[in-house]
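Colleague: I should be grateful for a close look at one part of this model, namely the first helix and its surroundings. Please set out what the model shows there in one connected account.

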Amino acid sequence: MRKALTIAGSDCSGGAGIQADLKTMTLNGVYAQSAITALTAQNTTGVSNILDVDENFFKDQLDMIFDDIYPDAIKIGMVSNSSLISVIAKELKERKAKNIVIDPVMVSTSGSKLLKDEAIDSLKKELLPLADLLTPNIPEAEILSDMKIKTVDDMKKSAKIISDKFKCATLLKGGHSLNDANDYLFEDGRGIWFKGKRINNPNTHGTGCTLSSAIAANLAKGFNMENSIKMAKEYLSNALLDMLDLGKGSGPMNHAFDIKEKYKKLGD
């Protein structure tokens with residue numbers, strides 16, 4: 001069995017972050033491990049508290065993972081401070097990590113800034129150049145490419161700028177604010193669109209975590225970048241199409257939509 005590692009924050013409500021990543025990786029056929037950057041107190045209505053993990057303890061997590069069950073791919077989500085970013089970058093270089101997928105969580109889809117400028121600078125300088133794939137949303141891509149994105153042509157231009165700047169593939173996620181979830185990949189000098197379909201489901205908590213984790217799982221299994229993304233988008237669409245409805249806010253999707261019926265059966 002191939003192995004994948006997620007480096008991200010914990011979502012106690014289970015819809016995003018480490019919990020979503022572990023579910024996604026498992027359901028996509030790899031052995032999932034995690035190194036937690038922060039604990040959050042949150043649910044479908046919002047986040048009430050965040051507790052960063054001590055950097056020495058965080059490094060111990062990474063050391064224990066790499067020393068024993070070496071991952072075939074790594075997904076990195078939100079890292080809230082520059083010291084943890086530096087620990088991750090140093091570890092990835094020393095361990096010669098491969099198939100690194102970074103979801104550069106800096107700005108929410110609604111446009112709210114999630115990281116301080118110092119952490120964003122560290123992210124750009126130390127971590128993003130180590131990626132094999134970046135998966136920014138439009139607000140994040142605007143920061144990384146220093147341009148506004150208003151059209152699909154802007155998406156193409158921005159993805160190329162980011163790819164050239166950080167020497168890696170870039171999957172720019174479109175989303176409903178610009179198009180019907182059509183994402184644009186720029187890799188090795190060429191671009192390709194991955195068409196999505198509008199799914200009328202308001203419960204989209206954790207979609208970015210899920211997509212990047214599924215891509216990492218597919219890379220771990222040996223698929224190329226294009227097929228890894230295609231399969232990941234199909235998985236994400238099916239998880240949304242299951243129409244799970246939990247919580248009072250924007251709820252989670254059903255990561256386990258494809259689990260065998262006998263394991264879903266309720267008690268008498």
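Modeller: The account below begins with the helix and then moves to its neighbours. The model is a predicted one, and what follows should be read as a description of that prediction.

Helix 1 spans residues 17-27, and its buried residues are Gly17, Ile18, Ala20, Asp21, Thr24 and Met25. These residues lie on the same side of helix 1, because they cover an arc of only 160° around the axis. Their packing partners are three strands and two helices: strand 1 (3-11), strand 2 (31-43), strand 4 (73-76), helix 7 (207-220) and helix 8 (225-241). Just after the end of helix 1, Gly29 adopts a positive phi of about 85°.

Two of those partners, strand 1 and strand 2, merit a closer description. Strand 1 is largely enclosed by the rest of the structure, since eight of its nine residues are buried, that is, under 20% relative accessible area. Strand 1 pairs with strand 2 in the parallel sense, over eight bridges. One contribution to this pairing comes from Asp11, whose bridge partner in strand 2 is Thr40. Thr40 also has a bridge partner in strand 3, namely Ile50. The pairing of strand 2 with strand 3 is antiparallel and runs over six bridges, and these two strands form a hairpin with two residues between them. Strand 3 (residues 46-52) is hardly covered, for none of its seven residues is buried. Strand 2 is thus paired with strand 1, which is largely enclosed, and with strand 3, which is hardly covered.

Helix 8, another of the packing partners of helix 1, leads to a pocket. Helix 8 supplies four residues to the lining of the second largest pocket, the largest share. The volume of this pocket is about 200 Å³. Its lining consists of Leu27, Asn28, Met231, Glu234, Tyr235, Asn238, His255, Phe257, Asp258 and Ile259. Among these, Leu27 belongs to helix 1, which covers residues 17-27. By character, five of the lining residues are nonpolar, three are polar and two are charged.

In summary, the buried residues of helix 1 share one side of the helix and pack against strands 1, 2 and 4 and helices 7 and 8, while Leu27 takes part in lining the second largest pocket.

Key. Residues are numbered from 1 along each chain as its sequence is written. This is a predicted model: local features need pLDDT of at least 70, side-chain atom pairs count only at pLDDT 80 or more; totals for chains, interfaces and linings use all residues. Side-chain values use heavy atoms; hydrogens and water are left out. Buried means under 20% relative accessible area, exposed over 50%, partly exposed in between (1.4 Å probe, protein chains only). The arc is that of the directions from the helix axis to the C-beta atoms. Contact means heavy atoms within 4.5 Å. On a 1 Å grid over the protein atoms alone, a cavity is a set of points where a 1.4 Å probe fits but cannot get out, and a pocket is an open set with protein on both sides within 12 Å along at least five of seven lines; lining residues have an atom within 4 Å of a point. Grid points are joined across faces, edges and corners, and a volume is the space filled by probe spheres set on the points. Ala, Val, Leu, Ile, Met, Phe, Trp, Tyr, Cys and Pro count as nonpolar, Asp, Glu, Lys and Arg as charged, and the others, Gly among them, as polar. Two strands pair if DSSP finds at least two bridges between them.
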